[in-house]
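Reader: I should like to understand how the terms used for a protein fold are justified. Please take me through the reasoning step by step.

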Amino acid sequence: MEPPAPPRRVTIVDVARHAQVSTTAVSKVLRNAYGASPEMREKVRRAMDELGYRPLAAARGLRGQTYTIGVMLPDIRNPFFPEILDGVTGRLADTDYQVLLGPGCNGEKEEARVTEALIDRGMDGLVLVAPVSPRARLEQVASLVPTVVVGRHGHSPTFDTVTDDDMAGAALVVDHLAGLGHRRIAHIEHHETDPTRIQEMPNAQRAEGYRRAMRDHGLAKEITIVSTSYTPQGGYRGAKELLARPGRPTAVFAGADVVAMGVLEAVNEAGLTVPGDISVAGYDNTTFAALGPISLTSVDQAGRAMGDNAARLLLERIAERRKPSVHVKLSPTLVPRRTTAAPPS
């Protein structure tokens, strides 16, 4: 026996017949075009629901929009980035837009491959989270498709940006630790060498914010920075290096919560306690920071608000490509928990 033929896909002609309207009317409803009355829209949408009609994305692209937004995340393992994604999807929930996700893998080549794939597939707009690509590359992308860059400082006339005030956030940590009585406060940063990224990336801004805050507290001679990576492994390596030094720090400011996880592991492995021997603070206020067994002091940079603002700006830029670029900077807050306390006497 021959296998049964697959069911035929419902077409715009089927919808028009079912709704007893013209295919032109259905097309206007699909395009949200002028000239379709509310009654007509309701009739067509009811017919689409009853028939299970789904417009082809490629066909929608031929009409000018695919109603898809591409989001590039640098590291899908970092629990902070889903907070941004939640903000994006929350803002788009009541629209026709859907989100497609691409992992940038923290590398220029991989990031370029992902953004090119999103552009080639007709995304109506892009949200690039903490991209490492050169400024010229970002502006080239933004010239092709409406783009919002999240988590990268610096302004551009071609794309909008949403950032946290990372210098202020780092100062909140140093102020908190110095207020508890700490002087030997060390920082673990993400290693960076590119001059532009040193000016624009959050990790570099946090390191500079740490330096400034330490000087403001009269602790310039105590400034200690270890450069590794924003990963648990990076935090572990950085903490091992700090613990091996004479006059080990009494507090460690990890540049991200994932870094702090590695710090906690290294401290525990060394037979020390947190915060009895060493206080530890992170950045991002990720979901696991609030878990009882961890209870990590951390800076909340409002990831969902960042994503919400990014999606809002992107919808505005899709509607008006030539509008002046907008730059949103959010104010962080410190969330003290059990990993920080006064230094040992």
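**The sheet and its helices**

Author: In this predicted model, six strands make up an open sheet with mixed pairing, ordered β7-β6-β8-β9-β10-β12.

Reader: What makes β7 and β12 stand at the edges?

Author: Each of β7 (224-228) and β12 (333-335) has a single partner strand, so one side of each is left without a neighbour in the sheet. From one strand to the next, the twist averages 20 degrees.

Reader: How do you know that strand β8 and strand β9 are joined?

Author: Two strands count as paired if there are at least two bridges between them. Strand β8 (residues 251-254) and strand β9 (residues 279-283) run parallel and are joined by three bridges, so the criterion of at least two is met. V252 stands opposite V280 in β9.

Reader: Which strands does helix α11 touch?

Author: Helix α11 (residues 232-244) packs on the sheet and touches β6, β7 and β8. Its direction makes about 140 degrees with that of β7.

Reader: Why are α5 and α13 called oblique to each other?

Author: Helix α5 (residues 81-92) and helix α13 (residues 303-319) pack at an angle of about 45 degrees, their axes being 6 Å apart. Angles under 35 degrees count as roughly parallel and those of 65 to 115 as roughly perpendicular; the angle of about 45 degrees belongs to neither class, and the two helices are therefore oblique. Their crossing is right-handed.

Reader: Which residues of α5 make the contact with α13?

Author: On α5 they are E83, I84, D86, G87, V88, R91 and L92. The residues of the contact of α5 with α13 divide into five nonpolar, three polar and six charged.

Terms used:
Residues are numbered from 1 along each chain as its sequence is written. This is a predicted model: local features need pLDDT of at least 70, side-chain atom pairs count only at pLDDT 80 or more; totals for chains, interfaces and linings use all residues. Side-chain values use heavy atoms; hydrogens and water are left out. Helices (H or I, at least four residues) and strands (E, at least two) are DSSP runs, numbered from the N terminus. Axes are lines fitted to C-alpha atoms, for helices over the stretch in contact, and angles run from 0 to 180 degrees between N-to-C directions. Contact means heavy atoms within 4.5 Å. Angles under 35 degrees count as roughly parallel, over 145 as roughly antiparallel, 65 to 115 as roughly perpendicular and the rest as oblique. A crossing is left-handed if the near helix is turned anticlockwise from the far one by less than a right angle, and right-handed if clockwise. Ala, Val, Leu, Ile, Met, Phe, Trp, Tyr, Cys and Pro count as nonpolar, Asp, Glu, Lys and Arg as charged, and the others, Gly among them, as polar.
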